[in-house]
Amino acid sequence: MITGQLLRDAIISAAHYISGLRKEVDAMNVFPVPDGDTGTNMSMTINAAAREAAVLPDDSDISAVADKIASALLRGARGNSGVILSLIFRGFAKGLKGLKAADGGNLSDALQLGVDAAYKAVMKPTEGTILTVVRLGAENARSASAGGADVLAVWDAACKGAAQALAQTPELLPVLKKAGVVDAGGQGLVYIFEGMSSVFKNNIIFSDSGESAEPVKANYSAAGHAGNESIAFTYCTEFIVNRADTQDSLKLRAYLESLGDSAVMVDDGQLIKVHLHTDNPGNAVQAALEYGQLVNIKIDNMRQQHRNVSWGVEQAETAKAAAETEPETPQKKFGLVAVAAGAGIENLFLELGADKIVSGGQTMNPSTEDILNAVLATSAEHIFILPNNKNIIMAAEQVIPLSNRKISVLHTRSIPQGIAAALNLDPDISVEENHLAMMKAAEKVSTGLVTFAARDSTVEDKKVLKGQILGMENGKITVVESSPVQAAYKITKHLFKKGTSSVITIIYGSDASENQAQELEKLLEEKYGSDAEISVINGGQPVYSFILSVE
Amino acid sequence: MIRMENHLGIIEISQGYFSKLIGNAVSSCFGVAGMANSNARQGIRSFINKQQIFPDQGVAVRRDGNGLTVDLHIIVTYGLNISAIVKSIVNKVRYTVEEATGLEVHKVNVFVDAMKND
């Protein structure tokens with residue numbers, strides 16, 4: 001027979017047991033939302049019940065104990081798994097109502113009622129979760145009790161059925177199989193059953209420190225190992241966030257709570273003050289960076305009570321360093337960072353309103369870090385990056401996750417496209433509208449490039465000798481010439497479409513002389529003078545003698 | 001209802017898609033014993049078609065700036081910690097929508113309209 005005292009001790013034991021294994025269960029959590037908090041939720045839920053049950057006298061009826069546990073679970077329920085647990089125990093308590101002690105039959109009936117209560121609460125029960133685990137556990141218990149087993153054997157059957165069902169969960173829920181785990185909630189329930197078993201069978205309560213009186217599975221002692229009984233997490237982390245925007249801090253709070261305990265977060269709209277005990281202070285700092293700059297970062301190792309331990313501080317320091325390069329408050333709505341090479345082109349972008357120029361281009365691709373530094377030094381609410389070369393687009397996009405600023409990377413593949421995009425930045429319209437307008441403008445521009453062959457090669461069945469002049473239209477080599485002016489002239493002829501094109505821009509580089517540029521201008525003037533506006537810019541860019549833009 | 005335009009073309013996602021996506025996500029949430037009709041039109045619809053199950057029952061989705069606001073009308077059973085299940089419903093809806101469409105869910109309002117008998 002299971003008495004009230006036994007049930008009380010069993011819940012306390014289960015609470016201690018799952019607390020030690022909380023992390024392991026958290027790590028399995030992929031369904032319904034992979035937020036890694038199932039173990040924490042279940043352990044907090046059942047600990048709430050254990051605390052209330054602990055004050056009950058030894059001679060309580062099982063009915064009274066079960067009632068107390070069920071109501072404490074209901075109030076303390078956290079997360080999905082916690083709610084399901086509370087419903088299982090609600091049904092369980094209903095089954096034990098009026099009993100002084102429970103035998104095998106009572107136990108299996110009570111479990112079945114728990115299953116019914118849990119299933120009734122959901123419209124479309126998802127199999128392969130804690131629901132399946134408890135259902136099969138109860139079924140196994142019922143067949144054991146029908147076979148006349150005693151109360152311990154019935155409970156044992158419930159545990160076994162649950163464990164077997166748990167092993168099957170990946171077959172029932174594909175998302176579990178993909179992640180290579182069993183269901184986290186189901187695992188939590190199996191641990192709770194095991195924790196209770198220890199009391200029913202041997203009258204041994206798992207101790208709070210995670211050290212058990214009886215030998216248990218190896219992974220348990222590893223997970224449950226704790227140097228200091230009262231300290232669950234190593235680092236006390238505190239910092240203040242200077243809010244850069246007004247995004248809802250609820251997300252941050254939820255995330256912080258999932259990282260550890262004693263989470264306190266106060267948000268007054270301008271500052272967020274955070275206090276947290278966690279094993280991963282870096283994650284907390286990283287998450288908070290999305291809300292603005294951090295100040296007064298303090299991370300203490302609570303176990304050793306001295307500072308400067310391990311990587312947590314390092315992380316905080318890099319965060320601080322990053323924060324220092326940031327401007328105080330954003331000054332304007334849009335910022336523009338352009339990648340360009342050549343004094344003339346750099347100046348041109350600055351005149352067009354670029355805040356920072358990252359030096360680089362075809363032969364010298366800037367690193368992500370170069371772009372990131374330029375972005376961090378730009379004070380604006382939203383920053384557009386113009387990579388102006390297809391090989392730099394990727395590096396520019398990597399800046400987005402590395403920075404806490406709002407960034408859009410425009411896929412400009414050439415300098416003329418970048419210029420067209422920069423011309424179309426309108427400070428009075430939204431980010432999305434700007435992105436679209438700038439991209440549309442960039443797409444309309446045809447780009448011609450004139451350079452020389454760096455080595456002998458074959459281009460589209462044509463032999464190209466080293467030093468010959470190559471002309472490219474929108475990235476494809478189409479012209480092989482001996483004179484850069486002739487090459488530029490031919491390309492322009494190809495790109496210029498009568499009726500739609502109206503602007504020709506010639507940007508001549510350091511390899512071309514002003515005379516050559518004027519010669520080219522004259523040639524084009526003769527041909528298109530009446531249809532198009534022709535302008536000449538000294539770009540000073542390396543590699544390309546001429547960059548031609550036709551729109 | 002949601003129209004996004006980028007340089008490659010236009011993406012349009014209908015109201016019906018969102019209602020059904022969210023309806024399916026919500027009805028598989030633990031604690032949701034049923035969905036209640038969220039407006040008169042839905043009420044009349046389920047009065048006429050008593051047998052049919054509508055996946056968008058009890059779901060209303062509105063555009064809110066660049067994101068969405070979702071209203072849910074649910075039915076629960078007795079003996080449930082409502083604040084805990086609502087938290088998990090909100091998380092699930094956010095996660096589902098953001099995973100499927102990349103759109104941000106600004107608000108999820110959950111209305112507990114009724115209780116199912118034990």
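**View 1. A four-stranded open sheet in chain A, with its strands in the order 8-7-9-10.** Here's a close-up from a predicted model. The pairing in this sheet is parallel. Strand 8 (356-359) and strand 10 (406-409) of chain A sit at the edges with a single partner strand each, so one side of each has no neighbour in the sheet. Go from strand to neighbouring strand and you'll find an average turn of 20 degrees between them, direction ignored.

**View 2. Strand 9 meets strand 10 in chain A.** Zoom in on this pair and you can count four bridges between strand 9 (residues 380-386) and strand 10 of chain A, in the parallel sense. For a handy landmark, pick out A:Ile385, whose bridge partner in strand 10 of chain A is A:Val409.

**View 3. A helix laid across the chain A sheet strands.** Helix 19 (residues 431-444) of chain A is the one to look for here. Strand 7 (332-340), strand 9 and strand 10 of chain A are the strands it lies across. Against strand 9 of chain A, helix 19 of chain A runs at about 20 degrees.

**View 4. The hairpin in chain B made by strand 1 and strand 2.** Now over to the other chain. Strand 1 and strand 2 (residues 9-13) of chain B run antiparallel and are joined by five bridges. Just two residues lie between these strands of chain B. To find your way around, start at B:Met4, which stands opposite B:Ile11 in strand 2 of chain B.

**View 5. Where chain B touches chain A.** On the chain B side 27 residues make contact, and they meet 29 residues of chain A. Together the two chains bury about 2,400 Å², with carbon and sulfur atoms giving 59% of that area. Three residues to zoom in on are B:His7, B:Phe30 and B:Asn81: they supply 28% of the area chain B buries against chain A, more than any other three residues.

**View 6. Polar contacts, and what chain B brings to the interface.** Ten residue pairs are in polar contact between chain B and chain A, counting pairs with both residues at pLDDT 80 or more. Salt bridges across this interface? The rule finds zero. On chain B, strand 1 (2-6), helix 1 (15-27), strand 3 (34-35) and helix 3 (82-101) each put in at least two residues. Helix 3 of chain B gives the most, with six residues. By type, the chain B side that touches chain A splits into ten nonpolar, 13 polar and four charged residues.

Methods:
Residues are numbered from 1 along each chain as its sequence is written. Chains are lettered from A and ligands numbered from 1 in the order in which they are written. This is a predicted model: local features need pLDDT of at least 70, side-chain atom pairs count only at pLDDT 80 or more; totals for chains, interfaces and linings use all residues. Side-chain values use heavy atoms; hydrogens and water are left out. Contact means heavy atoms within 4.5 Å. Buried area is the accessible area (1.4 Å probe) that two parts lose on being put together, summed over both. A salt bridge is a side-chain nitrogen of Lys or Arg within 4 Å of a carboxyl oxygen of Asp or Glu. A polar contact is a pair of N or O atoms within 3.5 Å; within protein, one must be able to donate a hydrogen and the other to accept it, and residues adjacent in sequence count only if both atoms are side-chain atoms. Ala, Val, Leu, Ile, Met, Phe, Trp, Tyr, Cys and Pro count as nonpolar, Asp, Glu, Lys and Arg as charged, and the others, Gly among them, as polar. Two strands pair if DSSP finds at least two bridges between them. Axes are lines fitted to C-alpha atoms, for helices over the stretch in contact, and angles run from 0 to 180 degrees between N-to-C directions.
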